[in-house]
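I opened the notebook to record, entry by entry, what I looked up in this structure and what I found there.

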Amino acid sequence: MDIFQMERSGHGSKRFPKLLVSFLIAFCLLYMVSMVYRSSTFVLIGEVAKDNGTGEVVENVTTPSGTESEDKHPSGTESMVVDKLLGGLLATGFDEESCISRHQATSYRKTSPHKPSAYLVSKLRKYEDLHKRCGPNTESYKRALKKLSSSHINGTTDCNYIVWTPSNGLGNRIISMASSFLYAVLTNRVLLVDHGTDMAGIFCEPFPNTSWLLPMDFPLTNQFYSLQPGNAHSYGHLLKINNMNISTVSQPPSFLHIYLAYNYDKHDKLFFQDQNQGFLQKVPWLILKSDQYFVPYLFLIPSFQQELGKLFPDKETVFHHLVRYLFHPSNQAWGLITRFYRAYLASADQKIGLQVRVFDRKASPVNVVLEQILGCIKKEKLLPQVDEQKPIASPSKNQTLRAITIASLYPEYYERIKSMYWMKPTVNGDVIGVYQPSHEEVQHFGNNIHNMKAWAEISILSLSDVLVTSSWSTFGYVAQGLGGLKPWILYVPAGNQPTDQPCPRGMSMEPCFHFPPDYHRIPNTRQRLDTGSLVPHVRQCEDASKGIKLFNAKQL
């Protein structure tokens, strides 16, 4: 009644608004002070934790219950060290919004234990300066173009170039671009790449304040399609018409084609002989076509060995560093990757990647390949087995959520494995989620959207904790290199029976050079000399008997 009387008399109606206004003013002031304090604290943490040499930032993210901060680690970690520049591998000076993945990708995968050497970091900064000085539309580039109009060069050039042209699928292209870049670094050349229309917008630019894309008006573009074995402008052909004696060539040409694809002939293979490298240094423009990871053979060329040893003391990390330096998903590709990750993988305790590449479906029937996959999972204990007796798993406090991503052109493997873990519980109560981003059925060469999806799936596989790749697959090679993972190598059977060793563990995360030159043969025999007798870190591939790859000698 007292309140009612106050309101009736008018006294309560005057005092109540004043109290409300005072309360709201006090609340706003307190809120503003707390926000200023919070903001300054976060800035201070960022400034103190940032290391200008390596780009490492300690991020402490606190979020209210039931909400998720945009800065929160995708896997749910609240406190972490984010090495945004990968130990100095990546340069500063980029607009982060133009390539979000360059600095965000590190928060989606575990920190790599493999740090680049200080010499490699220094060499990359020097290369970036060279590329900025000699890249497209610079005065040096314009002067070098004028040399192409003459059949032979007169005097020296201040910039030399290697132009990469595409061959085969995206995996082949990435490993050959990485190889070409390393050759450019070793020979003080500028790498320009012809991405055409089917690779447009897939990758970010790798070098600051310049471009690695070959300008569309490059005068020799019409010759790219004729880059085949025995091409009249190839280095192999030049050696052939001069009886393998390059010293008889009095004046180097202004350009040469270098053909290093899987079907190159014995004359093209002479590119890898050390005595021929001196002549190539005098040629301003090299137009290269390759679908191979030819890096291992660079380690067999004596004039490169000392430099390579300083760049890569850890021989198994060459591609790991190159692929993380050069290839960053464009914003469009990064959107595909992160949406899939957040929808299906972010909450998983363990992420397993399974890449199934079948080159001949008639020779490798679905049921046989599936049996090989299941044999791999069981033998290597990559996933728990299903319980054939119980319809429901027993309750467990230590239940683990495992997510398996299957990358394949075909849906059958995904459907069968998904059905298996849906219809039956696991013996240990673990929950298994099975996902497949796409199944294109056939490989679409020359298709931009297909390549965008392929790049997204390679990147998704690289975020795995455990990775199974298919033998001979360059798609898998790129995923393991990005993730810094030693994969289990699935041998896809070419017949009606699975093998006893379905997926042995790889000894190295390096890709295989499938078709190296066969210079090194035992005299008077067809038997090849073991390259390990020449250098201990170049050995036969696990998945290709004629191929070679890099290993850490200490682990052999």
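The entries below go through a sheet, a helix pair, some aromatic rings, a strand and a loop residue.

**Entry 1: the sheet.** I began by noting that this is a predicted model, and then I turned to its strands. I found an open sheet of 5 strands in the order β9-β8-β7-β10-β11, and the pairing in this sheet is parallel. The edge strands are β9, which covers 431–435, and β11, which covers 488–490, and each of these two pairs on one side only. I also looked up the twist: on average, and with direction ignored, neighbouring strands of this sheet are turned by 20 degrees against each other.

**Entry 2: one strand pair and a helix across it.** I then followed β7 (residues 350–356) and β8 (residues 401–408), which pair in the parallel sense over 7 bridges. For a single example I took Val356, whose bridge partner in β8 is Ser408. Helix α12, made of residues 331–345, lies across β7, β8 and β9, and I noted that the helix runs at about 140 degrees to β8.

**Entry 3: two helices that meet.** Two packed helices are described by the angle between their axes and the distance between the axes. I therefore looked up both values for α4 (residues 118–134) and α10 (residues 302–311), whose axes come within 7 Å and cross at roughly 105 degrees. Angles of 65 to 115 degrees count as roughly perpendicular, and α4 and α10 are therefore roughly perpendicular to each other. On the α4 side I found Tyr119, Leu120 and Lys123, and these meet Glu307, Lys310 and Leu311 in α10. Sorted by class, the contact of α4 with α10 has 3 nonpolar and 3 charged residues, and no polar ones.

**Entry 4: aromatic rings.** How many aromatic pairs does the count come to? I wrote down 28 aromatic pairs, and I chose the one formed by Phe181 and Phe207 to follow further. Their rings are stacked, at 5.8 Å centre to centre and with 25 degrees between the planes. Phe181 lies in helix α6 (residues 170–187), while Phe207 lies in the loop between β4 (190–193) and α7 (235–241), so the pair ties together parts that are 26 residues apart in sequence. Buried means under 20% relative accessible area; Phe181, at 1% relative accessibility, counts as buried, and Phe207 is buried with a relative accessible area of 1%. I also noted that ring pairs link Tyr127, Phe181, Phe203, Phe207, Trp212, Tyr325, Phe327 and Trp455 into a cluster.

**Entry 5: a covered strand.** Strand β5 (residues 255–259) is mostly covered, with 5 of its 5 residues buried. When I looked up which way they point, I found Phe255, His257 and Tyr259 on one side of β5 and Leu256 and Ile258 on the other, and all are buried. β5 pairs with β6 (residues 285–289) in the parallel sense over 5 bridges, and the partner of Leu256 in β6 is Leu286.

**Entry 6: a loop residue.** Is Ser330 buried or exposed? Ser330 lies in the loop between α11 (318–326) and α12, and at 9% relative accessibility it counts as buried. Leaving out residues up to four places away in sequence, I listed what Ser330 touches: Gly201, Ile202, Phe203, Cys204 and Met452. Ser330 and Gly201 are 129 residues apart in sequence, yet they are 6.3 Å apart in space, C-alpha to C-alpha.

Methods:
Residues numbered from 1 in each chain as written. Predicted model: local features only at pLDDT ≥ 70, side-chain atom pairs only at ≥ 80, totals over all residues. Heavy atoms only, no water. Pairing = 2+ DSSP bridges. Helix = DSSP H or I, 4+ residues; strand = E, 2+ residues; numbered from the N terminus. Axes fitted to C-alpha atoms, helices over the stretch in contact; angles between N-to-C directions. Contact = heavy atoms within 4.5 Å. Parallel < 35°, antiparallel > 145°, perpendicular 65-115°, else oblique. Nonpolar A, V, L, I, M, F, W, Y, C, P; charged D, E, K, R; others polar. Phe/Tyr/Trp six-rings, centres within 6.5 Å; stacked < 30°, edge-to-face > 60°. Buried < 20%, exposed > 50% of the residue type's maximum accessible area, 1.4 Å probe, protein only.
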